[in-house]
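User: Please take a close look at one part of this structure, the small open sheet and the helix lying across it, and then set it beside some of the helix packing elsewhere. I am new to this structure, so explain the terms as you go.

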Amino acid sequence: MSAVQALLKRRPSTLRVLSASGQLGYGIPHKALAAGLARNPDFIGCDMGSVDPGPAYLGSGEMATSPAVTRGDLAAVLTAARRLNIPLIIGTAGTSGAGPHLDATLDMIRSIAAEHNLHFRLASIRADLKADRVIQALEANTLVPLGGDLSVSAQDLRASTHIVGQMGCAPFEQALALEPDVIIAGRACDTAVFASIPKMLGFNMANVMHMAKIIECTSICCEPGGRDAMLATLDAKGFELESMNPERRATPLSVAAHSLYEQADPVSFTEPDGTLKVDTATYRALDDRRTYVSGATWQDATHTTIKVEASMLVGHRAVLLAGTADPKVIQRLPELIATVESTTRALVPGEYQIYPRLYGIDGVYPQQNRNVSTPVRESFILIEVIAQTPDLALAAAKTFKQFLLHQGFNGRQCTGGNLAFPFTPPELAAGKAYRFSAYHVMPAADHRDLFPVTIETL
């Protein structure tokens with residue numbers, strides 16, 4: 001009998017949900033994880049990715065995390081789940097949840113299973129979208145920018161290296177219906193990882209989604225916040241929260257404040273499955289480390305929407321890193337940079353973009369030597385160049401460096417150079433550069449078909 005079969009057959013009236021990692025792949029605090037496992041959870045959930053690292057990982061298909069650390073984290077949760085014979089659900093596999101990320105994660109899971117002689121049913125859910133499907137929404141004017149004014153075109157969508165949709169609970173429910181032991185999903189809502197099983201078991205959806213919204217980040221909702229494993233105990237009326245690190249306290253204030261985390265609206269949260277409202281929620285201290293939450297409301301979606309994320313290659317990046325402590329240079333930096341850019345473009349032909357970024361203090365002088373009451377006396381300079389080839393990007397950065405170093409201006413006292421370099425060479429090739437080509441929401445009545453499920457036995 002699979003882990004999911006056993007759980008669905010038992011249908012517990014109280015469900016213990018262990019969130020093992022707020023983003024798997026950066027190292028799991030093992031002492032807290034062991035404490036959570038000792039509490040006999042009914043299933044383990046892990047978020048493994050995010051859009052937060054930017055478009056590079058989605059575009060390249062690479063993980064943001066160390067392969068060795070990622071494999072160690074996967075081994076920790078997989079072996080624990082199999083030892084307890086409880087379901088393991090992982091969402092947004094491999095950082096961005098596109099095909100290459102999911103495949104790399106599945107390869108690690110298979111390797112760990114072979115190494116530890118584990119046998120189980122493994123379900124995987126793909127999140128890749130075809131460009132033509134997203135273009136349909138674009139042409140129907142139903143592809144809506146999310147929280148910004150990012151323009152999108154059919155040409156950009158077709159040029160995107162990867163396009164993913166952020167799945168809600170329905171694809172996980174399809175996978176659960178196949179009675180697996182382990183589910184590994186591509187790009188997914190964090191909440192869906194933790195909400196799908198209790199939803200299938202019939203728990204109140206308001207409590208389910210409110211719980212999922214909080215525990216996907218593990219102990220961030222505590223005082224002090226951290227990344228230790230978090231245990232939620234769900235019953236018919238609400239849920240209890242407890243960090244598995246005894247130094248972290250889930251207080252009514254810290255838990256309620258988590259509504260402000262990554263949200264424009266602290267009261268209303270929209271997911272593919274519906275909308276959670278927490279304005280009527282109550283937070284009651286059970287002791288100095290545990291809080292009981294209840295009272296949120298839930299409205300099922302009248303139509304399903306999904307978030308679309310796409311990334312496209314825009315060129316190759318080189319960066320120049322420098323600092324200056326010359327007050328006259330600092331005063332004139334914008335005009336000096338504009339002059340040097342014109343010189344660079346005249347000397348290094350080709351198509352490229354130059355993005356100067358000026359940062360604050362303490363890049364040259366040690367912080368302890370600076371009187372905070374004095375004006376800023378130094379600036380850190382980052383010049384980003386994006387070109388169609390790595391050689392062109394580096395050529396522009398090198399030329400820019402040399403002319404900025406010796407650029408003359410009225411009142412200059414030092415002709416030998418007005419920059420300090422943290423290391424040499426100060427120009428670095430930074431690899432391929434990507435940008436988001438879509439960060440939108442679209443209707444998806446066909447969302448069950450968009451996220452295919454595969455089952456295999458290891």
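Analyst: The sheet comes first, then two helix pairs, then a salt bridge.

This is a predicted model, in which local features need pLDDT of at least 70, side-chain atom pairs count only at pLDDT 80 or more, and totals for chains, interfaces and linings use all residues. Residues are numbered from 1 along each chain as its sequence is written, and side-chain values use heavy atoms, with hydrogens and water left out.

Helices (H or I, at least four residues) and strands (E, at least two) are DSSP runs, numbered from the N terminus. The open sheet has three strands in the order 10-11-14, with antiparallel pairing; two strands pair if DSSP finds at least two bridges between them. Strand 10 (268-271) and strand 14 (297-300) are the edge strands, each pairing on one side only. On average, neighbouring strands of this sheet are turned by 15° against each other, direction ignored. Strand 11 (residues 274-277) is joined to strand 14 by four bridges in the antiparallel sense. L276 stands opposite W298 in strand 14.

Helix 10 (residues 205-215) lies across strand 10, strand 11 and strand 14, and runs at about 105° to strand 14. Axes are lines fitted to C-alpha atoms, for helices over the stretch in contact, and angles run from 0 to 180 degrees between N-to-C directions. Contact means heavy atoms within 4.5 Å.

Elsewhere, the axes of helix 8 (residues 169-176) and helix 9 (residues 190-200) come within 9 Å and cross at roughly 60°. Helix 8 and helix 9 are therefore oblique to each other: angles under 35 degrees count as roughly parallel, over 145 as roughly antiparallel, 65 to 115 as roughly perpendicular and the rest as oblique. In helix 8, C169, F172, E173 and L176 meet residues of helix 9 that include A192, V193 and M200.

Helix 12 (residues 327-347) and helix 13 (residues 390-406) pack at an angle of about 130°, with their axes 9 Å apart. These two helices, helix 12 and helix 13, are therefore oblique as well. Among the residues making the contact are L336 and I337 of helix 12 and F400 and F403 of helix 13.

Last, R110 forms a salt bridge with E456, the closest N and O atoms being 2.9 Å apart. A salt bridge is a side-chain nitrogen of Lys or Arg within 4 Å of a carboxyl oxygen of Asp or Glu. The whole structure holds 23 salt bridges.
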